[in-house]
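Let's work through a structure together, one feature at a time. The learner asks how to read each feature, and the teacher answers.

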Amino acid sequence: MTSDLISYKYHPNKKVQIISCPFSGGQARGGVELGPDHVLEHGLEEQLASLDWTLSPPLSLSFSEPASDPDEGKLKRPLYVGTSTKKVADTVASALSAGSFPLTIGGDHSLAIGTVSGVFSQHPDACLLWIDAHADINTPQSTPSGNIHGCPVSFLMGLADPCPPQFAWVKPYLKANKLAYIGLRDVDPGEREILKQNGIAAYSMHHVDKYGIGKVVEMALERVNPGSKSPIHLSLDIDALDPVHAPATGTPVRGGLSLREACYICEALAETGNLVAMDIMECNPALGADELSVKATIAAACSVVRCAMGETLL
């Protein structure tokens, strides 16, 4: 592995803080809280060290489920998710203020309410690349399931109106022109309307098939980061990959990104020099059909992280 050609404008000293978030409160399927330990046990720290990153000891956050957590309208476990994501936001912001690259390992994707809030509190001019089979932009009103892992982007954009009190701390840092999706293929009807109404850059697997992954990444960056002047936060749900490559996840959807396409996205973002933070979410070892499927999913997660952190093929 080599990272000789990659430099990081916002992290020239190449210090990384791994933030382990064993959290499953944003959805109903158990086991996603096991994802961070499996990723670390796969040797991620050693892999990053081989790419010349200096690692602080991983921070493993703990999340206490409240004794009482009634639904807020359709939303399930809002207090648990609201307090937990606030903790994540503070941790990510602290890592950035200390000069470290926050690498957050989930857990379910509701955690991005915290990671994105933490990044944008320190870099308000940042842009967000959301790599996912799902748009995760349902509002408390449009969500069909009430699971908050399908809603984080709406909170980050201030689209949850009225905002549930459990998320009153979330500031609407994220603007529509600073968000791009890649890999979408399972979008709820309400989400389609939100994407259209707000003019959000959204590239589905149709676009990947039509233009190729290189052109899609180029188009996405032109939309959200013209002139390559802004820091980039990458939030990657492992279900963006086709379940052939990452089967052990809660909401797999056939017809997704190949492992190479996902790695290319991460390589291209690393090459910009603007990457400032990354999330890798939704590995669920409990949902693998067998040990091989779990190992394949965890290995894929580590592969995309390495590519974002500077691994190159030559």
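What follows is a short dialogue about this predicted model.

Q: Where do I start? How many helices and strands does the protein chain have?
A: Start with the secondary structure. Here you'll find ten helices and nine strands.

Q: How compact is the chain for its length?
A: The idea is to set the radius of gyration beside what the globule rule gives. For these 314 residues the rule gives 20 Å and the chain comes out close to that, at 18 Å, so it is as compact as a globular protein of that length. If you'd rather think in spans, the C-alpha trace covers about 50 × 40 × 40 Å along its principal axes.

Q: What share of the residues is buried?
A: Burial is read from relative accessible area, with the cut-off at under 20%. In this chain 59% of the 314 residues count as buried. As for the outside, the accessible surface is about 12,000 Å², and carbon and sulfur atoms account for 53% of it.

Q: And the contacts: what percentage join residues at least 24 apart?
A: You leave out the sequence neighbours and look at pairs at least 6 apart. Of those contacts, 76% link residues at least 24 apart in sequence.

Q: Now charges. How far apart are the mean positions of the positive and negative ones?
A: They sit 6 Å apart, taking 23 positive charges and 35 negative ones.

Q: How many salt bridges does a search of the whole structure find?
A: Six. One of them pairs E65 with R77, whose closest N and O atoms are 3.6 Å apart. Both residues lie in the loop between β3 (59-60) and α3 (78-97), so the pair ties together parts that are twelve residues apart in sequence.

Q: Is E65 buried, partly exposed or exposed, and what about R77?
A: E65 is partly exposed, with 48% relative accessibility. R77 is partly exposed too, at 26%.

Q: Where do I look for salt bridges within a helix, and how far apart in sequence are K86 and D90?
A: Check the spacing along the helix. K86 and D90 are four residues apart in α3, or about one helical turn, and their closest N and O atoms are 2.9 Å apart. K86 is partly exposed at 30%, and D90 is partly exposed at 40%.

Q: Which helix holds E291 and K295?
A: That's α10 (residues 291-308), where the two are four residues apart, about one turn. Their salt bridge has its closest N and O atoms 3.2 Å apart. E291 counts as exposed at 56%, whereas K295 is partly exposed at 46%.

Conventions:
Residues numbered from 1 in each chain as written. Predicted model: local features only at pLDDT ≥ 70, side-chain atom pairs only at ≥ 80, totals over all residues. Heavy atoms only, no water. Rg over C-alpha atoms; globule rule 2.2 N^0.38 Å. Buried < 20%, exposed > 50% of the residue type's maximum accessible area, 1.4 Å probe, protein only. Contact = heavy atoms within 4.5 Å. Areas by Shrake-Rupley, 256 points an atom, 1.4 Å probe, with all protein chains shown as cover. Lys, Arg positive; Asp, Glu negative; His and termini not counted. Charge placed at Lys NZ, Arg CZ, Asp CG, Glu CD. Salt bridge = Lys/Arg side-chain N within 4 Å of Asp/Glu carboxyl O.
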